[in-house]
Structures are given as C-alpha cells and as structure tokens.
Amino acid sequence: MPDGPLIVQSDKTLLLEVDHDQAAACRRAIAPFAELERAPEHVHTYRLTALGLWNARAAGHDAEQVVDTLLEYSRYPVPHALLVDVAETMSRYGRLQLVQHPVHGLVLHALDPAVLAEVTRSKRTAGLLGARVDDTDVVVHPSERGHLKQVLVKLGWPAEDLAGYVDGEAHPIELAQDGWSLRPYQEQAVEGFWHGGSGVVVLPCGAGKTLVGAGAMARSSTTTLILVTNTVSARQWRDELVKRTTLTEDEIGEYSGTRKEIRPVTIATYQVLTTKRKGVYSHLELLDARDWGLVVYDEVHLLPAPIFRITADLQARRRLGLTATLVREDGREDEVFSLIGPKRFDAPWKDIEAQGYIAPAECVEVRLTLPDHERMTYATAEPEERYRLAATASGKNGVVDALVAKHAGEQTLVIGQYLDQLHELAEHIGADLITGETPVRERQRLFDAFRSGEITKLVVSKVANFSIDLPEASVAIQVSGSFGSRQEEAQRLGRIMRPKADGKTAHFYTVVARDTVDQDFAAHRQRFLAEQGYAYTIVDAEDLGDLGVAR
Amino acid sequence: MATFTGYLRARSDDELVALLVRRPDLATPHPATLASLAARATSRSSLDRALTWVDALVLQVVDAAVVLADEGAAPTREALLAAVGADDADGARDVDRAVDDAVALALLWPDDDGTLHAAPGLADALGPSAAGLAPPATHEADEPDDPAALLKDAPPGAAQVLDALTWGPPVGLLPPTGTPAGDAVAWLVRHGLLVRGDGRHVVLPRTVALALRGGRTHRAPALQPTAAGAPVRDPRTVAAESAAAAERTVRLVRQLVARWEQQPPSVLRAGGLGARDLRRTAQALDVDDAHAAWLVESAASAGLLADDREEAPTFVPTLEADVWLAQDVPQRWAVLARAWLASTRTPWLVGARDERGALRAALDPELTRPWVPRLRRAVLEVLAAAPVGAAPTGDDVHDALRWRSPRSVPPRAAVDAVLADAERLGVLGAGALSSAGRALLAEASGRPDLGTPAHGPVADAAAALGADLPAPVEEILLQGDLTGVVPGRPSEQLEELLDLAAQVESRGGAVTVRFTADSVLRALDSGLPADDLLARLSTAGRGRVPQPLEYLVRDVARRHGRVRAGAASSYVRADDPALLAGLVEDPRLAALRPRLLAPTVLVADASPAELLDALRARGLAPVAEDASGTVVHAVAPERRVRARPRRTDPVHERPLPDRAARVVATLRRASSDAGSDAPASAGSDAASSPAPGAGRGADADGASDVDGTGAGTVADRVRAVGARRPAPGGRSRPAPAGAAAAPATGVAGTPEPGDVLVVLREAAQSRAEVWVDLVGPDGRPDRRLLRPLRVEGGRLRALDPRREAELTVAVHRIADATLADPTTP
C-alpha cells in the first residue's frame, strides 16, 4: 500500500512508524517473524534474521504469509532480492526432520534427498549420523540428537524436531488460582510453549515469568527440573511455587551448593551443575536422578556453555526457556534456538507496560564532572585501570546523597560493581550492604526487611542482578556496572519494574563520570533500554537540584 | 549473366550509404572506385567481419543460399524460405527479414530475375560444412537417387545412424565391425548412403543428406529467442529498485570523489590503483572490493577522476567533477550511465590475475577491451527486446546474444558482469530494464522508439530517472536513542546535513542514522556551530529535538576546540622575549608574517631558508636546527623531475552516415567520370548515376588515377584507360550487346590488385574461365586460360583445362585477369 506504516530496508531491517493508524495491526502481523531490535518513541526497528524466520516457520507461518505481510504494510516497493531471500531462508527450515522410525528408532528424515546428501557429506555431521536407511532417512544416535540439531542450524538446514518427548514421571501439579489468575499473555505463553513442545518464552522482567513456568508445570503435570542462576533465585522460585500451585514445601527440593535434595520438583543452580571436581562434572547424576518430564531454564540468555552441552543430552525431554531478552553478549543465540527450541512467545516491553502489568519507568543519566586532580589521575592511568577509576569517582557519593535525599521515603536500591565503592557508599548513606560474601540467611533477612518497608535503602553488588524479587523498590541508582553489558542494564531496570502498589512511576538513575570510558560504557548499556523505548534524560550533576523542575 | 560488381554499381546512393554504414570496414580506408569497393566487399576478411555480426537466422539464409547454388541454380526467395523451413507465416516473416538483412549487407544479391546469389567468396567464408552438410563431392560418385526408398531394405539401426547424421554434423565415428551398428554402417557404405572418411570416420554425402532433409537445408528457422519464460516484475518494483540503485551509485561516486579529494591514492608505476588503496576505498564506502573497483572505473570513465601526472602521480578529482557535483541526481546519474555504456573498460577483471600471474589493478590502462561497449549495448538491446518488466536470467541473455551473433559469442563471465553492473547502476531494476535504462539505450542508439510505453518516448535518460525517483523528503524523525529516521529519500539539503552530522545505519526505502559524539564533532569541525546544527535539526525534525540529542550536541560543543593546531612554515626560538617581540613588530619582516605563539617562540609563513636570510639581513646571527634541535647547515634541496612518456588517448572512430555518404559521393564521381567517357558500354551505370561532370583528370590524385581505371566493370576500366592513353581499347574486345555490365572484355596495363581479385572470385563462383596474365620467375608474362576454383590467403587455386592440371599461383604474380568471352569458350 502506498502509505503503509512499514518501510523495508535493503539490509533486512523493518521500520515501523508508531504513530501510524495501522501501526498496531502491522506490529501484530510482523511480530511472528521479525525480531524487535529497538523501540524508541517514533519508529520501531525490527530485523529479519534467519533464526527469526525459522522461528516463524516453527510456529506454522509460511514464506508466502511473510511476503504478503511485508507487501501489505510496506510504504515503498519491497526490494525484490529481500523477498527472494526470505522465501529461500524459510524454505530451508523443516526440509530435514527428526522423527521416530518404527524400525530404526530416531532418524533424520529429509523431504529433499539432495539436502540430506549435502548434510551427510559435511564434515561437521561426522560421528553424529549412523547408517543410511534409504535415500531420505539416516539413523541418528539418540545421544546426539542435540548436537545434530546444533550442527544443522550452523549448516543452515535447521531440523524440525518431531521425534516427540518422553512423558516423564507423572506428578500432579495444579495452579492454585485463588483470588488471582494467569494474565492473558501468560496464558498465551503457556499455550504457545505447550503447542510447540519445547522453546523459549520471552517476557520482560516483572511480567511474571515464574508464573509462566508454573503454568507450564501444571500443564505438564510431571516431575520437573528447574535450573536457575543462583540460590536466592532458587528460594524465590520455591516460595512462588508453594504460593501459586498445589505443590507443598516437601515436594520441592533444592539442589545447590548447600543442599542436595532431589524431589519431584527440583530447583538446581547453574553453578552447582557446572562445578567440576577433578576435571569432571560431579553433579550430572541429577539429570538422570529422576525421569524428568519437563526442564525449565530460568534466564536462558545467561545459560553457561557447559549447560548447553548438558542440554544437548536432554533432547528427549520438554524444555522451557524463560528470559527477558534473547540478546546474548556472547552471540550464542543460535544454540538457544537449536537446543532449547524456537521462540514460542514474545511481547514487547512497552506493550505489557501499556497493559499496566509492569511499572512505567523514567531513566536519568547524571553526568558528574570530575575534579581536576581526578582528571589528571585518570588521564595518566593505565587503560585497564581507567574504568575502575572513573566508575568509583568519589564525587558519586555526593550525587547518590542528593538522589537519596530527593526520594526520601521511597524504596531505594543502590547498585554497583566495585566492593570498595559499595562499602564506602553504604557507610556514607547509612544503609545495609549485600554482596556475594553476605551469607544467604543474612541476605534473606535484609530482603525481607526491605520488602516489608522496615528499611528503605539498600546497597547491593551485582549479586542482585538476577532473579531477586524486590517488589517495592521504586528507585534504583546505578553507580557502576560490568563495563558495557546491555543485558545487565536490562536486568537492573527489571528490579524496579514490578508493578507498584500505588501505580507510581519508577526511577532509574545512572551516575557516570563525564568524559571518561564510564560515559562510553553507560551509552552502550543504555542503548538497550533506549531501544526498548525508555528514553534517557541526561542531566549534569551540578543541575541536580533543578531536576524536579526539569521534569 | 549479371555480376556482383554490376549489382553494386546499380545501387542507388542511399543504398550504398546504407551498406557502408552497416559494413564500416568497407569505407576504411577510403575505396577509390566501385570495383575496389566490390573487391573489398568480397574479400575474406570483410566477409568474415560481416558474418561475425549477423544473427543466426541470417547465417541460415546465407548457408542455404550457398548450398542451393552449389546444388543447382541460385535460389529464389521462395526457395530460400522453403529451404530454411519457414512453414508458418511468422517464420516466413522472420526469414524474409533475414533475407533482406543479408541483401542489405551485400552477402546476397538479387538478380534481375529475382534469384538470389551469394556474394563471391561467401562460400569459402562460411567454411566447408555450411548448414551441417558435407562439402560438395569433388567427383561424381554413384550416390542413390532416393535414399528413403533404399532404406526399406536396410538392416536394423541403419535408419538411426542416418537420423543422427542428417541434420549435421555430417561426420560420424565408425562403429566396430561385427556389432549391429557396425553392420548397419557397412551396409550404408555399400549402398552409397555413407562414405568412408579417414578410416575411423564416415561421412554423410551432401546429396544424400539433402535428400533425407527433404530438400531443405535446415530443420527449422532459428527464430529469435524470446524471453517469454522470464518472470515479469511489477513496474513499481522495477522503478523503485532502479531509482534506489541509481541514487546509491551517484551517492557512492560522490563520496568517492570527496574521499579522493582529501586522500588521493597514488598511481602505480604501471598505471592503476594499488590493491591496498582499493581496499581502503571499499571500506570507506562500505562496499566490497569488486563494487569499489567498478565505482572507481565508472567515475574515471565519466572523467571525474584522473591521474594528475605529477612527479609522484596520484588520482585526483577533475575539474569536470566539480561541474558534476553541482548537478542534480538524475543529471549526475546520466553522466555516469552514458560513460559506462560507451566505456571500453572491463572493471570485472580487477582482482583477477593476468597471464603473467600479476593482479589486475583497477584503472590499469591495460584493462580496456574494444568490444565491451558493443557488448553492453547488445545486452541492453536484448533486454529492451523483452517485454516491459521482464527480468531475463543471465542464461536467457546469453542465449539471445548467441543468436544475435553466433560466430562471435561473448564470454559468459562478461555478460554476467555487464548485467551486474547494469543492476548496480540502476539501468536494471529487479533484473528488468528500467525506463531510465531504456532511455539511455534509446539515446545512445538514436532510437527514441525504445522509450517505454508508460512514459511515452522518453529519450532523455536523466528525465526518465527523474520520473522514477521518489519525491524527496525534508523531514527526519529524531528519537531519544540518538537515532533518526528519514521516512523516504532525503532531499539534497537533508542528505547534506546527515552526511555532516550523523552516521548512516541503514538505507533502503528510508534512511536511518545515528548521532554519535564523533559524527557531531565532524559537523562542528566543518564549521557548523552547535546552535546552527541544533536549529537545522530542529527544522528538519518538525521542531522536536530529543533531550539526549540536544545534550549530546552541547556536550560535544563544550569539548570542541579545547586544543588548537595550526600551520607554520618555520619558527624562531630565542631565550630573549624582548628580541622576539621586536622581530614581530619589525616592518622589514612583515612579509614573512611573523607572530608569537609564546614569549619565546615565533612562527612565520616562510621557508626556514627565507627566514634565516631575513634574520641575517637584519643583522642577527641565526642558526638552523632540525627536529631534534641539533644545529644543521641548510642546503638547497636538489630538485629533479622524471621525464614521462606521453600517453596517447585511444582514437574514437565510428563511421557515421555522413562520412559514408562522402565516400559514396567520391565513388560516384570516380565511376561517373569513367562512365561519361564511355556511356555506351555501361548502360546500367548511366541509368543509376547520371554523369555529373567530366573533369576527373584534374581532380583525382595519382592513386585514384590508377584505381579509377578499375571502376565498375572491366569494360569501364578499359574506357578509363582509354581516356588517359592515346590508344584506347587496343586489346579490348567489344562487349556483347545487352550484357551491359558483364565483364566480357579486355585487358590492359597494370590494374589494381583488388580488381583482379574480384574478377577471379566472381569467376570462381560462376565457374567461368578467365584469361590470366601470369608473371613468371624470370619476369616474363605468360597468358593462360584458367578456371579459378578458389581465391584465398593471397593465392589462386585454378584448373588449367587445356593442360588438365590444377595450379596454385600467388596473387601478386597475376598481372591481370579477364573473363574469357562466355560466348566463345
């Protein structure tokens, strides 16, 4: 159409004009196959990737639909080469299938013998494939199901896994929906996952990913292994499951550094699974300890490499990945795709925010001009020392002071990377400090106190990045971060995104030292959030007093 | 019987002009007489050249004409049509066109009675197996009259053997004896249906093949391939993609020129651009090396870049580039496109290795091929011949090109490269010829009828592109993440602003840009103050500049200019500030523009030597120092230049119709002069060219004097000689009445070799006998009656009927040749 909301660029990005009448319809139409890359205020950018297109194929969309959608909403004629490429890419998915053969067991079945020939000739499949059954089938060693899928994605011929799953040991699980119920998008996410068999659900922080996990468990009603990032997170999963499902404390086991319980529902940390003793992973027996019917991966974008290897051996079990972002700093998105499964559900943050399920947030970057002596130290420092120097600039204490004072009475988190700085800050503003060294018991106590409003200020190190639930934190002040990690920024913002009881706007401050690498890293980290539509306001530390007026 | 020369002589001026335009080699060098024109037109090289550029159907027609003439009489047009196999009306129309073409090229010529004769020498030029037939039998063999009837009794397999050979090639491998196939072949040989070749091969005799072909020479006419199967693109898509590509190319060339203006790459010793410079350019333009090579070549072809021919030569933008830069996108594109179409450069060879294994560099003077412009145009013509919007594949185009000139098929790689270039340039859009491309072709070939129906006959490439370019957009959507989106093609001003102050992230229907500290700094560096930049952004952004962007600009502006740098040619340093202050104020030094940078440092705009001289003149005793502060004694630098060879630019020459017309006028004058002396002997001449004047002796130079005598027929020549000599026609016999143009008579003097050749060729074709004056090794002339068989490679092969011997004579030993009087053999 001549004035559609979509502009298709030759580099496979799609630009969606948000203020257009048809923007909403167009967004729904392109969401299945295009990855939202950034969503600032006027024009949202989506990208067509091979993985995205295969995700769409896995969800039952065909190339014709994709092409029609592009043509329907595009303002200008769509580059012909792009349409050809879309059709070509999509046609590659599913030409190979993993199926159960009545006689030979697991086989790789090709709808196109030429593709099978190409794949079997490749060096990378050597050792993964067994005997050739006929022109279109070749035996796959069941243990290599995952590796084969990984390799096939790399070869550009992703296989459709139709070999089914083991049922696993049945265990009754029900959602206890007393006074609450799954939100519509959560229902959709569970449905999407279950229908697809295995895969990843992408939801913003605070949008209730745990409940999607619980929903999937109820749907499965089997023994379940839940893999989470750390112990605190494990406890939160346990509490949430006890509260939201018919499961009791006795049915849920924790498998961590401190406790090694194996129960019908077991929550294990990545850390313990990847612990090596004398060069071998000593806790892998957990995976075979029960006949798990479902494996849930929390924060799938953080999945460490060894877990990928383990997951490759779990291909016969249903796998659910939960994450806020598919962006991985290490670029291993394709392994998530091949080993956990295609994306099954996705909703842009802003949409969910608009539905009122997560809190609106305001982000402010405060730029601090370093005093001359610090600038000189910085200018002459070794490059590897520079970030630390800039990030821990002493002037930041004053800025934090001002911000804490401004939000007096609100639940405030101060987040940082460097322990010295955090100790100093905690002392400076008179707040408790949680770091990796803080015992779990103490952590729990402080979190509970913070949750209950007993204390309003808390200084945390990066242990708080993941999976801690601080429902009433409404102000976060970031003083330093892991260099330019975008996903860390997203996680930290996620801390304050849970809906507030009073529906207040959350505040996210980043304090950076001007004209230093700190500023560059901050820019990189913000990019992710700015792209999600959270525009940053930048103020000078000197103008902090006027902030109220500025807003 | 008429002759080829006579036929040419009877052509009107316009027809001759048309011939010279179609066969430009005939006019270069300038032929003096119609006879030498005829000689040239029947020479092997000229015929080969003409055959090279005829299409498959014309080749079939001339093949058929030669074969039919060999088999009996020269065919009529109808007979030709039947022989080629034009059964339906469409086929007949095409074949008719091919016959007309062959006649227009003087490959065939029609007799008065409508039969078509092949030009003398054509049979030789076509080679021994014209139409896939064996050469005509040299002696009468006992070949069966009706092979089809004979085949009834043939052993199994015989029919298949004949089937395989019927339509050529006529030579087959002899199967081993004892096998069924061997027996079949043996049977066929026994019955004269096949002939033994060289022991391992058998040949299907021409008569048998023709009988099996049912009297035809070809199975079916080779009709022009149509791109009917090619996908047809939406005209909107074609226009959009072509416009996008054109705009991109213009933009990239602009960036290329701007970049080379700042950092001119040096010229390799062999001429050309170094691989490293090419890669750097490619990276700067964000394209691959091959694309960059093409851009560089295109810009150079358009005269925008050139070797500056300095001591250390570099490639720099030309003055023309400034003119070009000032134009609008469509005009700029047209300059590039026209230059591309006419260029002899082969950019696709850049990066490949030559015969010596060296890398071929871009702009290497050796990368020219004279046939490239013709290929480009041929490719575009093929595309223009396809339906509007059709996007033929490389295979389709190559097939069509093969049909157009089967004797000179362009290399596939070159065709693909031309198609790729055309796509990059926007001459194609989504694989189909765009209206701009069509206009470009129309303009280059002077055929406005090629313009698309949609736009009417647009013959101006720039205007056609202008119509396809989307309307420029003045507005940019600025966003909080420091990006901006122009939802369309940015206008010139906006493009310039974005070039200056932002970094382009993606292009296509829209342009997305990102503002970074570096890009803003670039804008400030170019002299745009922060406030102006914000004002311009605000205007373009409908008054909305997001806070982070404004902050970014202000923040960069704050840092901008903290450090300053400048140029000075020399300096003075001294420990005495008062002394330096005095120097700055000294009017005698004012010309050196001295100024203080610090109390003890003074800089000046003069060379150190000048400065030293000036200081000495002022009575100071300065010493020079080098970079490390060591005192040095200044020595005048030695300067030398390298003598460089002159490069000559290739001469661009193309026989234009008016040039051809001048040639024809001269020819006419020469022959009509001759004709006016002897009107009676050349009736047809007189009819076609009434004698305009008679003062030939006065206006013709020496060469044409001699040539002039050979004009037209031998009879003419004799008359002409007569005009010059007091005793004309001494040895000539009178021409028979009625056979006006027949070369029936005479021999005289030393004629032009070309005339002799044409007489011999005509005789060879018509199997006539000729009186030949041979000069023996002792210089003595010897007059013999010969039957020429073939004239080739400077030799005459002929039969001496009286001595019953065949002889071969070098043509330069033949002093003269005259047709023996056919009436008195």
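Visitor: Which residues of helix α24 (residues 517-525) of chain B are buried?

Guide: The buried ones in this predicted model are B:S519, B:V520, B:A523 and B:L524. A residue is buried with 20 or more other C-beta atoms within 10 Å of its own, exposed with 12 or fewer, and partly exposed in between, the C-beta atoms being placed from the backbone. Helices (H or I, at least four residues) and strands (E, at least two) are DSSP runs numbered from the N terminus.

Visitor: How are the numbers and letters assigned, and what does prediction change?

Guide: Residues count from 1 along each chain as its sequence is written, while chains are lettered from A and ligands numbered from 1 in the order written. Local features need pLDDT of at least 70 and side-chain atom pairs 80 or more, but totals for chains, interfaces and linings use all residues.

Visitor: What puts the buried residues on the same side of α24(B)?

Guide: They cover an arc of only 145° around the axis, so they share one side of α24(B). The arc is taken from the directions from the helix axis to the C-beta atoms. On the face turned away from that side are the exposed residues B:D518 and B:D525.

Visitor: What covers the buried residues of α24(B)?

Guide: The cover includes α23 (492-501), β14 (503-507), α25 (530-540) and α26 (547-559) of chain B. After α24(B) comes B:G527, with a positive phi near 100°.

Visitor: Why does B:A590 count as buried or exposed?

Guide: B:A590 has 10 C-beta neighbours inside 10 Å, so it counts as exposed. B:A590 belongs to the loop between α27 (577-585) and β17 (595-598) of chain B. Its C-alpha atom is separated by 75 Å from that of B:D396, 194 residues apart along the chain.

Visitor: What makes β16 and β17 of chain B edge strands?

Guide: In the open sheet of three strands, the order is β16-β18-β17 (chain B), with antiparallel pairing. β16 (570-573) and β17 each have a single partner strand, so one side of each has no neighbour in the sheet.

Visitor: How do you know that β17(B) and β18 of chain B pair?

Guide: Pairing requires at least two bridges found by DSSP. β17(B) and β18 (residues 601-604) have three, in the antiparallel sense. B:A598 stands opposite B:V601 in β18(B).

Visitor: Which residues touch the most other members of the largest nonpolar core?

Guide: A:L108, A:V201, A:L227, B:V296 and B:A337 do, in a core of 197 residues. A nonpolar core is a set of buried Ala, Val, Leu, Ile, Met, Phe, Trp, Tyr and Cys residues joined through C-beta atoms within 7 Å. Helix α13 (residues 235-262) of chain B gives the most to this core, twelve residues. A second, separate core of 94 residues includes B:A41, B:L51, B:A82 and B:L760.

Visitor: How many residues of chain A and chain B are in contact with each other?

Guide: On chain A there are 25, and on chain B 23. Contact means that C-beta atoms, placed from the backbone, lie within 7 Å. On the chain A side, β1 (6-8), β2 (13-17), α21 (517-531) and β25 (536-540) give two or more residues each.

Visitor: What does each chain consist of?

Guide: Chain A has 22 helices and 25 strands, and 49% of its 551 residues count as buried. Chain B has 34 helices and 25 strands, with 42% of its 825 residues buried.

Definitions and conventions. Two residues are in contact if their C-beta atoms, placed from the backbone, lie within 7 Å.
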